[in-house]
Amino acid sequence: MTLELKGITKRFGALTANDHIDLEVNAGEIHCLLGENGAGKSTLMNVLYGLYQADEGQILLDGEVQRFSGPGDAMRAGIGMVHQHFMLIPVFTVAENVLLGHEKALGGLAGAKQKVREISDRFGFHIDPDAKIEDLPVGVQQRVEIIKALSQDAKVLVFDEPTAVLTPRETDELMAIMQQLRDEGTAIVFITHKLREVRAIADRITVIRLGKVVGEASREDSSNELASMMVGRAVELTVQKSPPVLTDNVVEIRGLTVLDAIGQKVVNDVSFDVRGGEVLCIAGVQGNGQTELTEAIIGMQPRATGSITLNGLELQGKSVREVLDSGVGFVPEDRTVDGLVGDFTIAENLMLDRYRGEPFVKAGSIDRAVRDAFATEKLGAFDIRAQGIDTRVGTLSGGNQQKVVLARELGRPLALFVASQPTRGLDVGSIEFVHSQVIASRDAGIPVIVVSTELDEVVGLADRIAVMYRGGVVGVVPADTSRDTLGLMMAGEPPAGAPADPTDPSEGAAA
Amino acid sequence: MTTQQPAEVQPSADERIDLERAVVKHWKAPISYAVLTVVSFILMVLLARDGLARLRLASGGDFFQIPDALLPVRATGIVVVVVLALLTAFSFWAAATVRKVGAWLPVVFGIVFVVGFLVWAGAGAMIPIPGLLFATVGLSVPLIFGAMGGVISERAGVVNIAIEAQLLGGAFTGAVVASATGSTIVGVVAAMVAAVLVSMVLAVFAIRYFVEQIIVGVVLNVLIAGLTNFFYSSVLTDNPALNSPDRLPRINIPVLENIPLIGPALFNQTVIVYAMYIIVPLIAWGLFKTTWGLRLRAIGEHPLAADTVGINVPRLRFWNVSLAGAVAGLGGAYFTLDSNGAFTREMTAGLGYIALAAVIFGQWHPIKATGAALLFGFASALQQTLGAIGSPVPSEFMLMLPYVITILAVAGFIGQSRPPAASGKPYRKQ
């Protein structure tokens, strides 16, 4: 089956998310759609899948114009989608998820189970149709998504950022599955912003930028060429930094355990040190305790035990206010939920943690002159692109929102800087800016902890790398550790020979 | 076709994401048992009453007559307190050694406590147990119908605070229509239609206009209370003929009604109650075994996922909320066409909210919610029965009983329960 998109245009208000996009995908090929966060890839695919209606343009299958008023139409036409955020119902079993919406066609639950077994055997998935989704690891959940699409005899399969939640090894396995599907004659659209994956697997590459197709590329092109095509200018892919100069500042974490509401150890007996002047990156697949670890440092996890000392001062058990006052800067994982108040202006967001007393508050009321002067200064210093300090933060792009968070957190004297997924969902320009700020904090001589699920970012930023798996730290390794080793660690295997820590001799004795 | 990866890299489906569990000791249950044991000790031993309590266990038409139980109050009190103390000790031991205790413990504890309390309160009097059970069923019926309406609606993702309005609207319409037409069955149908209309208002505002569901529900409750009060005082009081429906006939099921103890309570009822015996298991089966239930639960858990497989979420939600209204309407009809025989001001008296509590207590499961509703019904029946025999406990205290149980239940005393993930969240598409 050949899929053609012709002149697809989709507007949201004043924003044109897709501007006359043309795309052709043939049976038996993997067509990569490469673009930055916010370039309009997902919008395009939601138009294709019938979730959005295009304002202009046509979708053709084997030369015939299609009209999709909903996902049901798209599915019947043979289009399947593996969503970035899985469209699975956590409390349902695998078979029930496959069955949903196609009860008659599959012949009830028994038919759905049969279908799951059939497809699972064909691809060697080993999936139990009666397993509950919420009990399955994300890699397996993704396979259920694939089974869901294949059970509807999808001839065109769209993978929307499928590797974001996978370990490197799971990513390799997914690539093998995609190749197998291609060899069986499925047309595959692979949406990603990861150059490594594109170059490994693509038959054709279409690059889009700001909602427009900027051209086709070849997998033989270098990563730098692909990146500059994607961003529209020459891009420095590596983070510029000098060797670390360690200072005497230190944060020591000993035996930190965090329980969730039902008593599971989401952080399990974690111990490590970070010295001033170095960046410790916490790598690992999302959901292995990184969030809870950083929240425990800032004092937001009520069920935490163990010890966190910053330059000898115990932080564990203190309130968030006390932790902030001891000089901890914190960039939360989800800036729109935990980092900012969307309906507040930039100036108001910048003083969220400065509402107690001078100089921002005098005699119980906010000194607007001081606040606005502060905001105006930060607007320039952090290159926040906005109409002015009175712009509501919710209307800013992800990159500019993150700059507001950074401006607030880095705008006071710090003794420790913790950034959780600081570049998630940002465009390349903003990522470069965030990275430069992280390195600047490190060079100022304070300990820096960065949580990231992107291996490229971890390797680029870190002076040392701690890998988390199921709440525990698998190991703390030097930054030049091979990606293969890191990938294995992210799946829970300790590094071979458990190398001694290169910068911190006390590490081995800890815990 | 080639399989391109070696077998050992396949994460098997058996590989569950189990994290190590910390040893967390839960003291909530044993402490509450201890409190109740102390209360029993004070009542039944320190404030013990003399004499005998007669528990009547038989009623007229039984196969065989169970003799009355004549219990010495003081001795029974001591035995009950000892048993409760032992159960409490066991509960503490289980908590200290982090053992799982089955549901038998709260059930046995509850029964022993209630028996002890009955004997104490009934010293020197006679307590008719069949009558108590009959009253329990009668008081539970509207709660169960209301709870079923709540279960359906919330499983579909719409919080149904308006159960109260559906019951009240159903009760009023049922009475008026049955009086006007002279047909009780038409009255029942009219009650269901009225409750469906109330539901549809909730559905339209919640689903089409994304209005906060709790607010719409509360507004509907106030609106229906106001409307029925207005029509009651302006129309019904002047035209009593419009408020004197025939009552549904009691239908005795032969043989079954003669079962000792429970026969008269369960099988000497009206068609509404018999309908309930069918509807509750039907909803339970439908929710978990049919396409209707699969889709219903899907839109209440993850509407976007349901949308991506071609399910029309708003439409399905709308019709299921309407269906929930129809079920609750039966409970409304019960007030005027079965238990009472005429409409009175705000006669549902907040039972819609108790039904909502039963939904939560019953963890959004039709059978468990029915059990919860029966428990609340029993508490009310106990209060009535003890009031009738002149119990030493002030009746105001007894009136509190159902609500105290409700508060404890809703406060999650019985354990954490997880609502449908998307309940109360409007589904918006770009």
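This passage describes the contacts, core, sheets and selected local features of a two-chain predicted model. Local features are restricted to a pLDDT of at least 70 and side-chain atom pairs to pLDDT 80 or more, whereas totals for chains, interfaces and linings use all residues. Residues are numbered from 1 along each chain as its sequence is written, with chains lettered from A and ligands numbered from 1 in the order in which they are written.

Between the chains, 32 residues of chain B are in contact with 39 residues of chain A, contact being defined by C-beta atoms, placed from the backbone, that lie within 7 Å. On the side of chain B that touches chain A, the elements giving two or more residues are helix H10 (291–301) and helix H11 (303–308) of chain B; helices (H or I, at least four residues) and strands (E, at least two) are DSSP runs, numbered from the N terminus. This side of chain B comprises 15 nonpolar, ten polar and seven charged residues, where Ala, Val, Leu, Ile, Met, Phe, Trp, Tyr, Cys and Pro count as nonpolar, Asp, Glu, Lys and Arg as charged, and the others, Gly among them, as polar.

The largest nonpolar core contains 269 residues, and A:Val467 and B:Ala358 have the most contacts inside it. Such a core is a set of buried Ala, Val, Leu, Ile, Met, Phe, Trp, Tyr and Cys residues joined through C-beta atoms within 7 Å; a residue is buried if 20 or more other C-beta atoms lie within 10 Å of its own, exposed if 12 or fewer, and partly exposed in between. Helix H12 (residues 313–339) of chain B gives the most to the largest core, with 14 residues. Residues up to four places away in sequence aside, B:Ala358 touches B:Leu143, B:Ala147, B:Ala369, B:Ala372, B:Ala373 and B:Phe376.

In chain A, six strands form an open sheet of mixed pairing in the order S16-S19-S20-S13-S21-S22, two strands being paired if DSSP finds at least two bridges between them. Strand S16 (328–331) and strand S22 (472–478) of chain A each have a single partner strand, so one side of each is left without a neighbour in the sheet. S16(A) runs parallel to strand S19 (residues 416–420) of chain A, to which four bridges join it; A:Val328 has A:Leu416 as its bridge partner in S19(A). Helix H16 (residues 428–443) of chain A packs on this sheet, touching strand S13 (279–283), S19 and strand S20 (448–451) of chain A, and its direction makes about 155 degrees with that of S20(A). Axes are lines fitted to C-alpha atoms, for helices over the stretch in contact, and angles run from 0 to 180 degrees between N-to-C directions.

The loop between S19 and H16 of chain A holds A:Gln421, which has a positive phi of about 45 degrees although it is not a glycine. A:Gln421 counts as buried, with 22 C-beta neighbours inside 10 Å. In chain B, B:Trp364 likewise has a positive phi, of about 60 degrees, without being a glycine, and lies in the loop between helix H13 (351–361) and helix H14 (366–389).

Helix H6 (residues 138–151) of chain A has twelve of its 14 residues buried, so it is largely enclosed by the rest of the structure. The cover of its buried residues includes helix H5 (108–123) and helix H7 (168–183) of chain A. H6(A) is followed by A:Asp153, with a positive phi near 55 degrees.
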